[in-house]
Amino acid sequence: MTREELLADIKKRFSDDIMEFFDRSPRRVYIEIKPSSIVKIATYIFKDLQARFNIASGVDSRTHMEILYHFTLEPLNLLISLRVKLDRKNPRIESIAPVFRAANWIEREMSELLGIDFIGHPNLKRLLLADEWPQGVYPLRADYEEWDKNAIRDRGV
Amino acid sequence: MAKSVVPIGPFHPLQEEPEFFTLTVDGETVVDIDVNIGYNHRGIEKLSERKSFDQSTFVIERICGICSTSHPFAYTRAVEDIIQVKPPERAEYIRTIIAEGERIHSHLLWLGLAGHFLGYNTVYMWVWKLREEILDVMEILSGNRNSYAMFKPGGVRRDIKSEDIPGVIKKIDSIVPTLNRLKKAVLDDPVLHARLKGIGILTYEDAIDYSALGPTARASGVAKDVRKDDPYGAYDKVDWDMIVTKTGDVFEKVVVRVLETYESIKIMKHCLLNLPEGDIDLNIKDIPPGEGIGTAEAPRGETFHYVRSDGTNRPARHKVRAPTFMNLPTCKATVVGETVSDATIILASIDPCYCCTERTAVRDTRGKRLYAAKELIRLSQQKTAQIKRKMGLK
Amino acid sequence: MKLPKVRELTEALKALITGPYTSKFPKKPHIAHPNFRGQPVFNPDKCVGCLACEYVCPAEAIGHEDIKDPKNPRRVMIHYTDTCIFCGCCEAACIADNEGIKLSNEWDLAFFDRSQAQETIEKELLLCEICGEPVACKDHLKWIAERLGELSYSSPTLYLSRLKELGIIDDNIIAASRDYSRSDRVKILCARHRRETTLSTK
């Protein structure tokens, strides 16, 4: 399939889940979808289009929480990014780790750094932060405050 | 037979970086493996939000010592993707030269370490002696043996003087005969065949399911390489081959890396001899609000950077993904079923770079570590005891 | 397997004859390649004390201290060797033709006492004649005045400092009283007091 056929096919197939379709440049496409349909669309792109799952980035905008899932289609040199917007007070979304194992670690990292809950993840425990780090303190959030009173914050000499 | 837990790490003489593998062993066969990382977490994504776009390049370069060019390369491509510009041609050639020089030295480093893990210290010493020539070349071209400080959004920061080039070409040519001898010595050796062939096999289906990258995936038949799929720099102007093999065991991974070194030497020489004239920098002034994605091929796979800008001179969000992050979970598929003595070489065959993998930190933004070496040893001993207690073993 | 052994044996014999590959440092000193990026060094004659290098440094390894002594006002520029990453941003940003701070070839920088790991130079500073706060370094004002040419006569701070340095100023021009009136306009002032004296209608 050519690039135009592929994008038209996605638009037609998931027309009631797609909220915004931004065709930015020949190699970058950003699609905003409803959070409830992430597993359906991610499975289609991974299994039927045979794209490679690149990574997922969690972003804390001041008003809402966003996750972008990036998939690469090498034969067409195209990078599709699926954007979901979540409520900032209680961010939850279904996990795509049961579908393919590549998403396992990145969801663990997003849950401990941004506080997003992934429903259905097989093993949602800490990946990077130390065991002594307090619960409920999420470093990458915009309202994060330094909690350690004994840390040295200048040159140290 | 009772099962026992063999911890490898976090401070282990066979690894150069701290990570904690827990192997559950039944007799001599590994039954399960668990990976705990987080010892190198440094807070780089948060730190990058407090520096301007130009200053952030230096923080990004120090994510890793060995693949230190691929991270600024991907970052500058991401910032250029926000404004949709292309740097001048001379800058692209210089970027390619530095990136390939780094690939040569990284693969030679790994080859030496693989020899060391097998107990073959002669290979270790000889390969690292060969590596000194490449480090001298990088010192002539950029001023330093690692962390070259050459990248900038919009171009490169320093130029290559044309009177340096003949000396550099001579040094690169002197590597090739020794590399030929080394290649034959490694690939013909019966001991290495017996130790490396047929172990740690990563099948094609597993490589796709885990989204493995770089030489780890190319040894299993997955023909993906950012330099061919999405050509950047000067890679589409040079004639070179992508190395792909079929089986996916550790021996094939060695073969892929050794053959890639030859291709890198070819690319580097071609770019040095055909360097075009012109500007080296676009002088970008303002970055408007938007988001951009940049990728580059590190020696270990594809690096991915996502940058979001809100119109000020600092990034609003900077996401970094190193290739080892996707390659490391594959150890679950490759180590289970093998013997304990082969476990270290299989774990080392993905060429792990843990500094790249975890970037947040138990460290504040400018100063000392909050956990010193003594603390870490105590913590790791506590953790081993804790795991053993949890599993009901002694 | 005879042939591979011959290959390795020739390599081993060659290594025996030529000796070890490592150098005899520290008995024999090591001279770095001229392209090597070493320690940044201030040049007191060329540096103008503008603080551009401090602003640009990614590692925050350059600092300054203003000493507001009325008899000898000076600005001390400090470079912290233990924090420096040797990137060369300071040299690229220096406004004095990239000569005020330059990367030398020195690499042997080990020290025992971390608090001594800094290099300093001093530049003469000009203070505001009303409030005593620093205006700028003398050399920096001279740098600006040279590039503005005749336009530097628009600001008394600039032309007074230039004429003072050339030694052709008449002391009668500078009034001694502080009354925020016309006499204050012909003084070397900081930006806040320049605004207050020029815009006031007293």
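Two residues are taken to be in contact if their C-beta atoms, placed from the backbone, lie within 7 Å. On this basis, in the predicted model, A:Val157 is in contact with C:Arg114 and C:Ser115, its neighbours within four places in sequence being left aside. A:Val157 belongs to the segment that comes after strand S7 (117-119) of chain A. Because 13 other C-beta atoms lie within 10 Å, a count that falls between the limit of 12 or fewer for exposed residues and that of 20 or more for buried ones, A:Val157 is partly exposed.

Chain C, to which the two partners of A:Val157 belong, is divided into domain 1 (34-126) and domain 2 (128-202). The centres of these two domains of chain C, taken over C-alpha atoms, are separated by 28 Å. Their contact involves 11 residues from domain 1 of chain C and 12 residues from domain 2 of chain C. On the domain 1 side, strand S5 (residues 118-127) of chain C supplies the largest share, with four residues. By class, the side of domain 1 of chain C that touches domain 2 comprises five nonpolar, one polar and five charged residues.

Chain B contains 16 helices and eight strands. Of its 394 residues, 50% count as buried. Among contacts in chain B with a separation of 6 or more, 72% are accounted for by residues 24 or more positions apart.

Two domains are likewise assigned in chain B: domain 1, made up of two stretches (1-38 + 366-394), and domain 2 (48-338). A distance of 30 Å separates the centres of domain 1 and domain 2 of chain B, taken over C-alpha atoms. Seven residues of domain 1 of chain B are in contact with eight residues of domain 2 of chain B. The domain 1 side of this contact in chain B is divided into five nonpolar residues, one polar residue and one charged residue.

Chain B also meets chain A, with 29 residues of chain B in contact with 31 residues of chain A. On the chain B side, at least two residues each are supplied by helix H1 (44-47), strand S7 (301-309), strand S8 (315-321) and helix H12 (323-327) of chain B. The side of chain B that touches chain A has 13 charged, 10 nonpolar and six polar residues.

Terms used: Residues numbered from 1 in each chain as written. Chains lettered and ligands numbered in written order. Predicted model: local features only at pLDDT ≥ 70, side-chain atom pairs only at ≥ 80, totals over all residues. Domains from an automatic or database assignment. Nonpolar A, V, L, I, M, F, W, Y, C, P; charged D, E, K, R; others polar.
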